[in-house]
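Me: Please pick one ligand in this model and look closely at what surrounds it. I'd like the whole picture in one go.

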Amino acid sequence: MKKVLVTGGCGYIGSHTIIDLLNHGFEVISVDSNINSDQSALQGIEAITGTKVKNYTFDLCDLEKTRLLFQENEGIIGIIHFAALKSVGESVDQPLLYFNNNLNSLLNILHCMEEFAVPHLIFSSSCSVYGNAKTLPVTEESPMEVAESPYARTKQMGEHIINDFLTKHQHSNAILLRYFNPAGAHESALLGESPINAASNLVPVITEVAAGRRKELIVFGDDYDTRDGSCVRDYIHIMDLANAHTKSLEYLLRGDNEVNHEVYNLAIGEGVTVLEAVNAFEKVTGQKLNYRIGPKRAGDVVAIYANYAKAAEKLAWEPKRNIEDIMRTAWAWEQRRTSAKMETAGED
Ligand code: NAD
Ligand code: WQD
């Protein structure tokens, strides 16, 4: 069995990726400090796949604990490094927290890659590395503009650090995946996005409003220069995103990469406005959403969407789901999660 270390495996993207990896014959171990998660995703993974995944609960900024994990688990062929803090607003308030966590954890992972001769790394990068892109759709050749937040800067710096490391270590390989807006849940509704702090991303806000856990959705602005005045984003279904990690790892294991560090956009290639996303939710669920137009959110880019042709050509990866699939699965997950919360409250 091909043994993979998933960092941040209890988080949103990590947990869904573990399912796809297990379905494709990989053995998975996880490390997650649970700073922004709990272990419930591991139960969802077991319910879906029948496999119990072991999580090491510690902070990857601790080099000695990280080294011990590699000592205990010989033969790791790849690391998928999701673990990071990801709140743009929080990073503006606490930049040092973000630089410390996101960069030191990465440095320790690279240190162990070298010490334990792990050949392959997949790194979670972000569309935020493009900043305010000047031309759309964004391609991998689009320049990195100025980072709009300390969070985005940690991703830009992370990419540079990996590139410098791999220039020196020609026997190691990495793929840097720039995700656009991940959303949705596993089809079973046994696993989905479960933020431990208040949700701020559009799709979980929509489902929480519909479930009655939040009063209303405020659409941040409707007089932008877009087809209906609201902002445009490229929403990618979480299981399509998950599968891109498996495809990337398989690609590296086959030795198909031409250079030892490559970068890919993961998106569906279509811009969707906030109001179109609301309409998609209303269409697939048959219910009206309580929303109103509010002021613009500081720092929002007007429109961003990407071209994923490179991932399609090289990794043989194609997104199969659209915004309606995102809303349908996110809603099924929200309903299940809300009823589980009500049952727990009833027991108290
Ligand atoms: P998440 O918060 O759900 O998962 C990240 C996990 O990493 C959490 O469970 C957290 O507890 C863990 N973690 C954080 N720092 C750690 C540390 N030092 N040691 C051990 N564990 C640690 O986030 P996600 O949405 O699953 O994002 C995964 C990755 O993808 C992150 O690197 C994020 O920056 C990146 N990304 C996310 C999005 C998005 O919109 N969700 C978009 C682009 C990129
Ligand atoms: C989407 C759209 C909002 C909430 C963030 C990070 C980015 C990347 C992906 C990590 C925007 C609008 C939202 C609400 C709204 N993450 N909206 N009302 O800002 O595109 O990207 O996640 O790397 O770095 O910045 O995602 O889901 O917050 O917003 O109108 O209550 O929905 O204005 O147009 P965003 P989002």
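Reply: What follows is a walk around ligand 2, from its polar contacts out to its shell. The model is a predicted one, with pLDDT of at least 70 needed for local features and 80 or more for side-chain atom pairs, while totals for chains, interfaces and linings take in all residues. Residues count from 1 along each chain as its sequence is written, chains are lettered from A and ligands numbered from 1 in written order, and side-chain values rest on heavy atoms, with hydrogens and water left out.

So who's around? Ligand 2 has 19 residues around it (a heavy atom within 4 Å), and the nearest are Ser126, Tyr151, Ile218, Arg233 and Asp300. Two of those names come up again in the polar contacts (N or O pairs within 3.5 Å). A polar atom in the side chain of Asp300 sits 2.5 Å from a ligand 2 oxygen, and for Ser126 a side-chain N or O atom is 2.6 Å from an oxygen of the ligand. Leu202 joins in through its backbone, with a polar atom there 2.8 Å from an oxygen of ligand 2. On its own, ligand 2 would expose 680 Å², and the protein buries 86% of that (Shrake-Rupley areas, 1.4 Å probe).

As for secondary structure (DSSP runs: helices H or I of at least four residues, strands E of at least two), helix 7 (202-210) and strand 8 (217-220) are the elements giving two or more residues to the shell. Strand 8 contributes the most, 4 residues. Sorted by class, the shell holds 11 nonpolar, 5 polar and 3 charged residues (Ala, Val, Leu, Ile, Met, Phe, Trp, Tyr, Cys and Pro are nonpolar; Asp, Glu, Lys and Arg are charged; the others, Gly among them, are polar).

Notes. Polar contact = N/O pair within 3.5 Å; in protein donor to acceptor, adjacent residues only side chain to side chain.
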